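New to this one? Here's a quick briefing to read alongside the sequence and the model.

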Amino acid sequence: DFMEKHGNDNLWFYTIKASKLYTEAAVDESNEIYLVFGKETKGLPEELTAAHFDHSVRMPMLNDIRSLNLSNTVAIAVYETLRQGGFEGMKTDGEKLASMQ
């Protein structure tokens, strides 16, 4: 249902089977962005990521690690997307510590 409605939208698929790194995703901020993740145990269906090869990305892994925890992967992906958008609408300046005032 989701793909029927949003199949031509700005979708990014996170999979261990992609060759492009998540930092290489050129996010288009002019439209809504959808970050798509699969089950922690199985990931996304291979036919889905193959059909969207140019928008499939991966995170670097150590050789003996299969994958990151899904919640960690989502957090990293969201903040990378926000970073590419210049953290628009977010507080980016820190508050001074009391000892530094």
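At 51% relative accessibility, Glu46 counts as exposed, because the cut-off for that label is over 50%. Keep in mind that this is a predicted model. Glu46 is a handy way in, since its side chain meets that of Lys17 in a salt bridge, at 3.8 Å from N to O. From there we can look at the other salt bridges, then the sheet, then helix H3.

**Salt bridges**

- The structure holds three salt bridges.
- In the Glu46 and Lys17 pair, Glu46 sits in helix H2 (residues 46–51) and Lys17 in the loop between S1 and S2, so the bridge ties together parts that are 29 residues apart in sequence.
- Lys17 itself is partly exposed, with a relative accessible area of 49%.
- Another salt bridge links Arg83 with Glu80, whose closest N and O atoms are 2.8 Å apart.
- Arg83 and Glu80 both belong to helix H3, where they are three residues apart, about one turn of the helix.
- Residues three or four places apart on an α-helix point the same way, because there are 3.6 residues a turn.
- Arg83 is partly exposed at 44% relative accessible area, while Glu80 is buried at 8%.
- Lys91 and Glu95 also meet through their side chains in a salt bridge, with 2.9 Å from N to O, and both of these residues are exposed.

**The sheet**

- Four strands make up an open sheet, in the order S2-S4-S1-S3, and the pairing is parallel.
- Strand S2 (20–21) and S3 take the edges with a single partner strand each, so one side of each has no neighbour in the sheet.
- S2 and strand S4 (residues 56–58) run parallel and are joined by two bridges.
- Which residue of S4 is the bridge partner of Lys20? That would be Val57.
- H3 packs on this sheet, where it touches S1 and S3, and its direction makes about 155° with that of S3.

**Helix H3**

- H3 covers residues 70–84, which is 15 residues.
- From its first C-alpha to its last, H3 reaches 21 Å, close to the 21 Å expected at 1.5 Å a residue.
- Which residues of H3 are buried? They are Thr73, Ala77, Glu80 and Thr81.
- Looking down the axis of H3, you'd find its buried residues within an arc of 100°, so they line one face of the helix.
- The cover over those buried residues includes strand S1 (10–14) and strand S3 (33–36).
- After H3 comes Gly86, which has a positive phi, near 70°.

**A closer look at Thr73**

- Thr73 is part of helix H3.
- Is Thr73 buried or exposed? With a relative accessibility of 11%, Thr73 counts as buried, because the cut-off for buried is under 20%.
- Setting aside its neighbours within four places in sequence, Thr73 is in contact with Phe37, Met59 and Leu68.

**To take away**

- Remember H3 as the helix that packs on the sheet through S1 and S3, with its buried residues lining one face.
- Glu80 is worth a second glance: it is one of the buried residues of H3, and it also forms a salt bridge with Arg83.

Technical notes:
Residues are numbered from 1 along each chain as its sequence is written. This is a predicted model: local features need pLDDT of at least 70, side-chain atom pairs count only at pLDDT 80 or more; totals for chains, interfaces and linings use all residues. Side-chain values use heavy atoms; hydrogens and water are left out. The expected span of a helix is 1.5 Å times one less than its number of residues. Buried means under 20% relative accessible area, exposed over 50%, partly exposed in between (1.4 Å probe, protein chains only). The arc is that of the directions from the helix axis to the C-beta atoms. Contact means heavy atoms within 4.5 Å. Two strands pair if DSSP finds at least two bridges between them. Axes are lines fitted to C-alpha atoms, for helices over the stretch in contact, and angles run from 0 to 180 degrees between N-to-C directions. A salt bridge is a side-chain nitrogen of Lys or Arg within 4 Å of a carboxyl oxygen of Asp or Glu.
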